[in-house]
Structures are given as structure tokens and as C-alpha cells.
Amino acid sequence: MRNLGNIFLYNNNTINKAIYHQELEKMGYFLFDTDNLHKFTLYNKEIIPNVILFDFAFHTPLEYITSLENKFERSSIPIIVVSEAPRALIYHPSVSHYLSHEEARKNLEDILETYCVGNKRHHILYINLKPYERSDFAKSVQASEYSIFEVNTINAAQLYMKKNTPNIICINFLPALSKSQKLFSFPKTFYVDNTQNIKEMEQFLH
């Protein structure tokens with residue numbers, strides 16, 4: 001079986017260990033899984049991962065989560081944080097994706113495949129630079145028949161665009177709109193507000 005990509009997992013949530021190993025390794029990913037931060041950091045210097053994944057148990061202190069985010073803030077690799085903590089309390093501008101454990105069960109496979117394999121054609125690449133806000137826009141997309149790939153950093157959006165092609169790009173932070181348009185040279189790039197509904201963008205999806 002060919003290696004689809006390297007996933008580095010810092011996991012202090014023992015409940016999910018078996019799930020990660022059974023599912024991700026079966027799909028063809030190389031998985032390095034540890035709850036030892038020193039070992040995790042050393043291994044990260046030896047092999048370049050495609051994705052860095054943090055899975056935090058429910059009782060993990062917020063200060064510990066944010067301290068790990070700070071340690072990896074210079075990483076150019078997509079960082080996924082799986083936690084039940086409110087996004088507003090663990091927000092860090094270097095984190096590419098925030099997922100609850102339920103969201104991870106639904107969306108993690110698509111996220112990993114997007115970065116590692118590519119060739120995805122989501123309807124919307126949503127660059128949400130305000131993930132700490134309630135996103136009615138993303139919820140309205142998910143409630144429709146349209147597919148969405150949400151990232152929370154410009155760097156993650158760049159990595160997405162190297163291997164994938166959306167129908168449109170939506171970005172919810174107006175100062176970053178012109179920067180995104182220059183980076184991607186993608187004609188269908190629009191500003192949206194988190195309170196908007198997908199109905200306002202449907203005309204551009206066809």
C-alpha cells in the first residue's frame with residue numbers, strides 16, 4: 001500500500017487512539033502518534049509531516065492547549081486542533097482547523113485527503129479568519145447541497161490551492177481579501193460576512 005501522507009498526532013485522548021490507528025493507517029497514511037511532547041518535537045525534525053494533528057481530551061487545561069499552539073506557531077504545515085474547548089478561548093492565528101470530536105469524525109478524512117492527495121473540487125473554499133465568531137455562513141452551506149472546505153489561515157488556503165480547485169473562494173476578513181486575490185489569481189473570490197447565508201452566493205456557484 002502506498003503512503004498517502006505523513007500525519008503527526010499529539011494525542012492525550014486515549015479514547016481515540018484505536019480509532020486513529022484503525023482508520024488512518026488502514027487508509028494508507030503513516031501515523032506517528034504520541035502523548036510525549038519531547039518525542040513529538042524531535043520526530044518533527046526528522047520527518048516532515050503533511051499535517052500536524054492535536055487531539056485534546058476534554059479535561060485538558062486551556063493554558064496547555066494554547067502553550068502547544070504557541071510552540072508550533074512558526075510551522076508552515078497545516079495544524080488541526082480537535083478539542084471541545086470554545087474556539088474563542090483557544091484561538092491562535094497559526095491554527096488551520098478547529099474541530100470538535102464529532103466534527104473530526106465527520107470531516108477529518110476529507111481534510112487529510114485534501115492536503116495529502118488533492119484533486120478535490122469543493123464548491124467553496126472558505127477562508128474564515130474569524131473562527132471565534134459564530135458562522136452562520138458555514139452552517140448554511142452545510143445545510144445545503146454544496147461542499148465547503150473551511151480554513152482559518154491564509155497559509156492553509158495556499159496549500160489547498162496547490163492541489164485542489166474550488167468553484168469559488170469566500171473570505172470573511174475584508175483586509176485580507178485583496179491579499180488573497182493576488183495570491184491565488186482566482187477570479188471568483190468574494191468577501192462574505194459570517195452572518196451571511198449561502199443563498200447570496202449561489203449565483204456564482206454555477
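**Exercise 1.** Determine whether asparagine 119 is buried or exposed, and describe its backbone and location.

*Solution.* Asparagine 119 has 68% relative accessibility, so it counts as exposed (buried means under 20% relative accessible area, exposed over 50%, partly exposed in between, with a 1.4 Å probe and protein chains only). The model is predicted: local features need pLDDT of at least 70, side-chain atom pairs count only at pLDDT 80 or more, and totals for chains, interfaces and linings use all residues. Residues are numbered from 1 along each chain as its sequence is written, and side-chain values use heavy atoms, with hydrogens and water left out. Next, the backbone: asparagine 119 is not a glycine, yet its phi is positive, at about 65°. Finally, its place is the loop between α5 and β6 (124-127) (helices, H or I of at least four residues, and strands, E of at least two, are DSSP runs numbered from the N terminus).

**Exercise 2.** Describe serine 185 in the same steps.

*Solution.* Serine 185 has a relative accessible area of 60% and is exposed. Its phi, near 45°, is positive in a residue other than glycine. The residue belongs to the loop between α8 (177-184) and β9 (189-191).

**Exercise 3.** Identify which residues touch the most other members of the largest nonpolar core.

*Solution.* A nonpolar core is a set of buried Ala, Val, Leu, Ile, Met, Phe, Trp, Tyr and Cys residues joined through side-chain atoms within 4.5 Å. In the largest one, of 33 residues, these are Ile80 and Ile127. Helix α5 (residues 101-116) supplies the largest share, six residues. A second, separate core has 18 residues, including Phe40 and Ile90.
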